[in-house]
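Dear colleague,

I am handing over the structure we spoke about, and I would be glad if you kept it open while you read the notes that follow.

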Amino acid sequence: MNAGRAGSTFVGRRHERAAVAAAVEAALSGTGSTLLITGEAGIGKTTLAQDAAAVARAAGARVLEGRCIPADGVPFDGIVGALAALSQRDLGAVPAPLWPDLWAVTPALVQHPGAPIPAAGQGRVNEAVASLLSGAAAERGLVLIVEDAHWAPGSTIAMLQHLSNRLSSARVAIVVTVRHPDYSRPGSAGPLIEDWSRSPYVVRLDLGGLGAEDTSALVRGSTGAEPSDDALATLLKRTGGNPLYIRELLAAANGSRAAGGIPVGLRELFERTLEGLEPGAITLLRVAAAAGASASARLVVEVTAASPDSVELAVRQAVAAGVLVGGGSDRLEFRHALLAETVLATAPEQDLRDIHAGIAVAMGLDRTLARTDMVAEMAIHWVEAGEASPAFEWSVRAAREAQQRRAPGAALAHLEHAVAALPDVDDVGRRAGVPAHAVLIEAAWAAELSGRNRAAVEFARQAATEARGAGEDPGPAVLELAEFLLRSTGEIVAAREVAEEALALIPDEPTPERIRALLASGWHWDLEPRRVRGLAAEAMALADAMGAPPLMAQARVQLGGAMVTLGEIDEGAALAREGRAIARDAGMSVPALTAHIPLAAMLIRAGRAAETLQIAREGLEMLRTGGETLFAPVFRAYELAGLFALGRWTEAADVATESSGDGVYGGLLPALSTRLSALQGDARAAADAADALLAVAADVGPAAAAPLAWASWVAGDADGAAAAVAPVLARAELCPPGVVNECVAAALLASRDARPDGGPGSDGGLVDALVEPEPGMVEARLWRAVARALDAERARPDPALWREALAVIDETDGWVHARVLALAGLARSAGPGDVADAAIEEAWKAAAALGSPALTDHVRAAAAQSESGVALGDEAAAVADLLTPRELEVLHLVAEGLTSRQAARRLAISEKTVSVHVSNTLRKLGVQSRTEAALLAQREGLIR
């Protein structure tokens, strides 16, 4: 639809057209660009995209075009269609190791690798396509156009995001059109698109309606007459300046179509247009609309059993009525997507079901009738036809192919259809090749890989129930449920019970299932280390005998975790590293990453913050070289945890600002950010992080309690601290000892400061919840010691208890904030004298270095109580000390005059993140504008 054109003359969009031309020309010169063109239906997005194609062709560049269709479950929809124009010669730039990954998007060019594709994330597919496009563009440049991305699956948006970053220095322009997305639609790409649009590599053109001048020009071009002022005002009011609506109204007024109620009734106008067509043309349009974009005329012949001549006549009639675009090709193109939607919306439901069934039958006989993905399209059409058994069979097939193509979101969409059809399927085993419970497990895996952990657990529960009632051995399905529950952090009790059931059901024989059952039953190495030690050792022996690398790796990690907890820290960590190496050497990226995560967890709990930081950064590097992006949030979380414990809080603040994530591990980041922001005195950031934390609290579980308690202490809210820790203390036996003991310490601290003299409501019973941890749980031991010393202050302060706490802290390589608290406590309990003075002096230096108002205030109060004579500085912190390293970088760029978008591109972070850094910098410096900040920085010598 050439919205915005009057006759052959382009109307309006001068600035937008110039931006498109400039971006394409820059890209063809070697500065890659991405244009995201958004707006309502009919506003002119396609016109601008075609302008980009025209500029590229005029410059001799290649143009690849793809379009997404309104159907779930087509992996990389829009991308596959665009890449179909490439040839074998273009594959030369792709590194050989990535060829198997290219099959996912170019099945016509690259044969299926035959062997199972390695279980890696979509990152390798994205990188393969980036190499393909970079090579294809090297000689004369290339423009990739993907239209209607509001219908795109998550796999397409993730690939576009990767390409816009990766090809920022290539001769490639990416142009994407998006109708304003509907966030309420299940599976909507809207949130993903909005997040992507903030990238510094994306230029967003948000199209509004035409103004009076351009609308008048459009009227003149269409009618040959100048509209009156009243007519122009009425037209603008009724259409909002939308070129499509204007053209439809003008066409109706000229008598080529009957008028309808516009703009609310634009659909009625389209319906009246359709009413004037012959029945044969209506049937043709329904088949074309049901088939999706660019339906084949041959498909219409097959579905309707009409003669080619009658189909050709119907096509002519639809073109003459302005419903289809003429062109003489075999492909039937609707003039606008809204017309196709109107055709479907006005068709009787049973007629549409019959049409979808007819399309599926025709494609089954001739797969060349499919648009791009025969298997996925067959599944979609059988689902729309309402035929349960074939819908189930093809949905399962499509899901398995999508999984091979690293598109778990598409696989999940198909499997949800398959599961919905299950009750009415007439031979599940024959159609799927596996029993019903196995299909449900496939759905659980697809859900987990898509980040929908609750859905994964629910599918696994259904699988276990199905297996128990099917008269078959339920052990494998129950084992799968146990593993899904264990990976979902919110259901500890249920996970334990199901794991024990699985261990009882799986025969005591040397099989992979037996090893997995042993590992599932011994999952919580931090809660039951002695039991886990025996189970993991047995599992390791069996796995080694079988030579099963994933199980060999997991067994070593769990046994290593138990050993670390029991005090064999170096030996246990070494064993866990050995497990990670086994998975990595076997080429299994996901098992290597899942071995990496508990290694970071066990080291932070053992008081090894520097090693934790190293492990986290190694994990992030593994992700950058092609790992599973689902794990990015957890490695960022452990990076933040290591920096926080080491007292490197300004660096930690940058990690907190620039990190985000969802899924099973996503809650760790807001939990740590809440604690950090509160102790740094940033109430607003702490509140924002706490809101994010509470939004996922059901998944975070116990990890939410301690950060919220610290935030309450900083706010002087003892009741809030008690409420935050209450859920953990009520089920302390199911929570990690470090969490329980830190919760008690934080709540006692809040209570002591609010009610220093004890008395009613002073929560003296909190200390009863303390857990005696194993020797290797150094963090848990130090918080237990701090809590015991705090509790003693209520009756008779005991310096010895604070010295015990300091001795445990000495076993760590960090926990600076805990040391400040312990030194302040020692000063309070020791009373006036050299001991108190020395403790206050050390505590003050540490608290000031951390830049924590809460801790410096705490030390001041302790100095007053101990009558210390140590001079505590009260001068303002230097400007350089107020800002994090990243904030200083941003300040330099602001002073250079760069915009947020330019700074984002320079730093390779999002524009939104730059804006957060700028806001934080202005607030810390106490200024109102970027100019004031730059002047202050110059005066302080931070910039030149």
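In this model, which is predicted, the largest nonpolar core holds 217 residues, and of these Leu144 and Phe392 touch the most other members. Helix α38, which spans residues 737-754, gives the most to this core, with 10 residues. Apart from the largest core lies another one, of 49 residues, which includes Ala295, Val311, Val343 and Met374. If you would like one residue to begin with, Phe392 is a good choice: once its neighbours within four places in sequence are left aside, Phe392 is in contact with Ala418, Ala421, Leu422, Val425, Val428, Arg431, Ala432 and Val439.

For the chain as a whole, the count is 48 helices and 10 strands. Of the 944 residues in the protein chain, 55% are buried. It may also help to know that, among contacts between residues at least 6 apart in sequence, 68% join residues at least 24 apart.

The aromatic rings come next. A pair of aromatic rings is described by the distance of the centres and the angle of the planes. A search of the whole structure finds 4 aromatic pairs. One of them is formed by Phe644 and Trp649, and this pair is stacked, with 4.9 Å from centre to centre and 5 degrees between the planes. Both partners are buried, since the relative accessible area is 8% for Phe644 and 1% for Trp649, and the limit for buried is under 20%.

The rings of Trp710 and Trp783 have their centres 5.6 Å apart and their planes at 55 degrees, and so this pair is tilted. Because Trp710 lies in helix α36 (residues 705-714) and Trp783 in helix α39 (residues 778-792), the pair ties together parts that are 73 residues apart in sequence. Trp710 counts as buried at 1% relative accessibility, and Trp783 counts as buried at 0%. If you look around these rings, you will find that ring pairs link Trp710, Trp713 and Trp783 into a cluster.

An aromatic ring also takes part in another kind of arrangement, in which the charged end of Arg397 sits over the ring of Trp394, 4.0 Å from its centre.

Turning to the strands, I would point you to an open sheet in which 3 strands follow the order β8-β10-β9, with antiparallel pairing. Its edge strands are β8 (295-296) and β9 (324-325), each of which pairs on one side only. Between β9 and strand β10 (residues 331-334), which run antiparallel, there are 2 bridges, and Val325 has Glu333 in β10 as its bridge partner. As background, strands of a sheet pair through backbone hydrogen bonds, either parallel or antiparallel.

Finally, how many disulfides are there? The count comes to 0. A disulfide is a covalent bond between the sulfur atoms of two cysteines, and Cys735 lets you follow the reasoning: its sulfur is 7.9 Å from the closest cysteine sulfur, in Cys743, and that is too far for a bond, because the two sulfur atoms would have to be within 2.5 Å. Cys735 is buried, with a relative accessible area of 2%, and Cys68 is buried too, with a value of 1%.

With kind regards

Note on methods:
Residues are numbered from 1 along each chain as its sequence is written. This is a predicted model: local features need pLDDT of at least 70, side-chain atom pairs count only at pLDDT 80 or more; totals for chains, interfaces and linings use all residues. Side-chain values use heavy atoms; hydrogens and water are left out. Two strands pair if DSSP finds at least two bridges between them. Helices (H or I, at least four residues) and strands (E, at least two) are DSSP runs, numbered from the N terminus. Buried means under 20% relative accessible area, exposed over 50%, partly exposed in between (1.4 Å probe, protein chains only). A nonpolar core is a set of buried Ala, Val, Leu, Ile, Met, Phe, Trp, Tyr and Cys residues joined through side-chain atoms within 4.5 Å. Contact means heavy atoms within 4.5 Å. Rings of Phe, Tyr and Trp (its six-membered ring) pair if their centres lie within 6.5 Å; planes under 30 degrees apart count as stacked, over 60 as edge-to-face and the rest as tilted. A charge sits over a ring if NZ of Lys or CZ of Arg is within 6 Å of the ring centre and within 35 degrees of the ring normal.
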